[in-house]
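I opened my notebook for a friendly walk through this fold. My plan was to look into the empty spaces first and then follow the strands and helices around them.

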Amino acid sequence: RRFIRMWIRNGGTMPREMDEYHPTQVVKAEGFCQFVTDGPENNPDNPIEDMFLQMISSAKKEFYVTTPYLAVEDYMVGALCCAADGGVDVRLMVPGIPDKKYVYYVTGSYFEQLLEHGVRIYLYTPGFLHCKSVMVDGELALVGSVNMDYRSFQLHYEDAALFYGAPVVEELREDMERIMEESEEVSAEKWRKRGIFHRMTEQILRLFASWM
């Protein structure tokens, strides 16, 4: 559906009636699955960003997220901090080897505040971590194209699959545990000791986060 809408918006035509493109098979499976799409035509509403906030606020025990880029509004950081303050095990997995150095610094600009509130942060060091996923309480999972950044939430066309009570949720959890085993956990004490140049670069680049 998202592809067809983009195709038509850019001048393309469909050779058949729209109803003929609907799924014709129903697959029985355990749990529930819902596909979610978002794009700039939804602005000023941002359904996927709202869904992230809802998942954070609804977490009771765990909120795990993998994202290659972290560039978000203060209220998103505040939601993660509030969840951790409330006893939720919040864990963030990001690349230890970035593909864009400037985005790496922006991502790091959030670490000190998150660590102070008990969020656990892991830098994936074997390579570049490009998966975008969320796991909540071992019951709900989100997997798709969505980064935790301005572009995904407000500018790009994105879609994702939301799973609830399905076996894939446990499979995702196991994948995340393997990622954390291979990653370097960031300690608050060590992060506070980073150099003045590192700190200044973070703060300067964060001013331009919405354009990255």
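**Entry 1: the second largest cavity**

I asked what lines the second largest cavity, and found F52, K132, S133, V134, L142, V143, G144, S145, V146 and A160. A reminder to myself before going on: this is a predicted model. The space inside the second largest cavity comes to about 40 Å³. I then looked up which elements give two or more residues to its lining, and they are β6 and β7. Strand β7 supplies the largest share of the lining of the second largest cavity, with three residues. Sorted by class, the lining of the second largest cavity has six nonpolar residues, three polar and one charged.

**Entry 2: the strands beside it**

Next I followed β6 and β7. Strand β6 covers residues 133-136 and strand β7 residues 140-144, and the two pair in the antiparallel sense over four bridges. I checked who faces whom: S133 stands opposite V143 in β7, and V136 stands opposite L140 in β7. S133 and V143 are also both in the lining of the second largest cavity.

How many residues lie between β6 and β7 in their hairpin? I counted three, and D137 in the turn has a positive phi of about 55°.

On to β9: five bridges join β7 to β9, and these two strands run antiparallel. Here L142 stands opposite L162 in β9. L142 is another name I had noted in the lining of the second largest cavity.

**Entry 3: the whole sheet**

I stepped back to see where these strands sit. They belong to an open sheet of eight strands with mixed pairing, in the order β1-β9-β7-β6-β2-β4-β5-β10. Why is one side of β1 and of β10 left without a neighbour in the sheet? Strands β1 (32-38) and β10 (183-186) stand at the edges and have a single partner strand each, so one side of each stays free of a neighbour there. I also noted the twist, which averages 15° from one strand to the next.

**Entry 4: helices on the sheet**

I looked up which strands helix α2 (residues 47-58) touches as it packs on the sheet: β1, β2 (62-66), β6, β7 and β9 (158-164). The direction of α2 makes about 135° with that of β1.

Helix α7 (residues 167-181) came next. It lies across β2, β4 (89-95), β5 (120-124), β6, β7, β9 and β10. Relative to β6, helix α7 runs at about 110°.

**Entry 5: aromatic pairs**

I searched the whole structure for aromatic pairs, and three turned up. One of them joins F52 and F153 edge-to-face, at 5.3 Å centre to centre with 65° between the planes. F52 lies in helix α2 and F153 in helix α6 (residues 150-155), so this pair ties together parts that are 101 residues apart in sequence. F52 was already on my page, as one of the residues lining the second largest cavity.

**Entry 6: the other cavities**

How many cavities of 30 Å³ or more are there? The count comes to three. The largest cavity holds about 100 Å³ of space. Its lining has 16 residues, and P95, P98, V103, Y104 and T107 lie nearest its centre. The elements giving two or more residues to that lining are β4 and α4 (101-108). Helix α4 makes the largest contribution to the lining of the largest cavity, at four residues. By class, I wrote down 11 nonpolar, three polar and two charged residues for the largest cavity.

**Entry 7: the largest pocket**

Last, I turned to the largest pocket, with a volume of about 180 Å³. Which residues line it? I listed R1, I4, R5, M18, Y21, H22 and P23. The lining of the largest pocket divides into four nonpolar, one polar and two charged residues.

Key
Residues are numbered from 1 along each chain as its sequence is written. This is a predicted model: local features need pLDDT of at least 70, side-chain atom pairs count only at pLDDT 80 or more; totals for chains, interfaces and linings use all residues. Side-chain values use heavy atoms; hydrogens and water are left out. Two strands pair if DSSP finds at least two bridges between them. Axes are lines fitted to C-alpha atoms, for helices over the stretch in contact, and angles run from 0 to 180 degrees between N-to-C directions. Contact means heavy atoms within 4.5 Å. On a 1 Å grid over the protein atoms alone, a cavity is a set of points where a 1.4 Å probe fits but cannot get out, and a pocket is an open set with protein on both sides within 12 Å along at least five of seven lines; lining residues have an atom within 4 Å of a point. Grid points are joined across faces, edges and corners, and a volume is the space filled by probe spheres set on the points. Ala, Val, Leu, Ile, Met, Phe, Trp, Tyr, Cys and Pro count as nonpolar, Asp, Glu, Lys and Arg as charged, and the others, Gly among them, as polar. Rings of Phe, Tyr and Trp (its six-membered ring) pair if their centres lie within 6.5 Å; planes under 30 degrees apart count as stacked, over 60 as edge-to-face and the rest as tilted.
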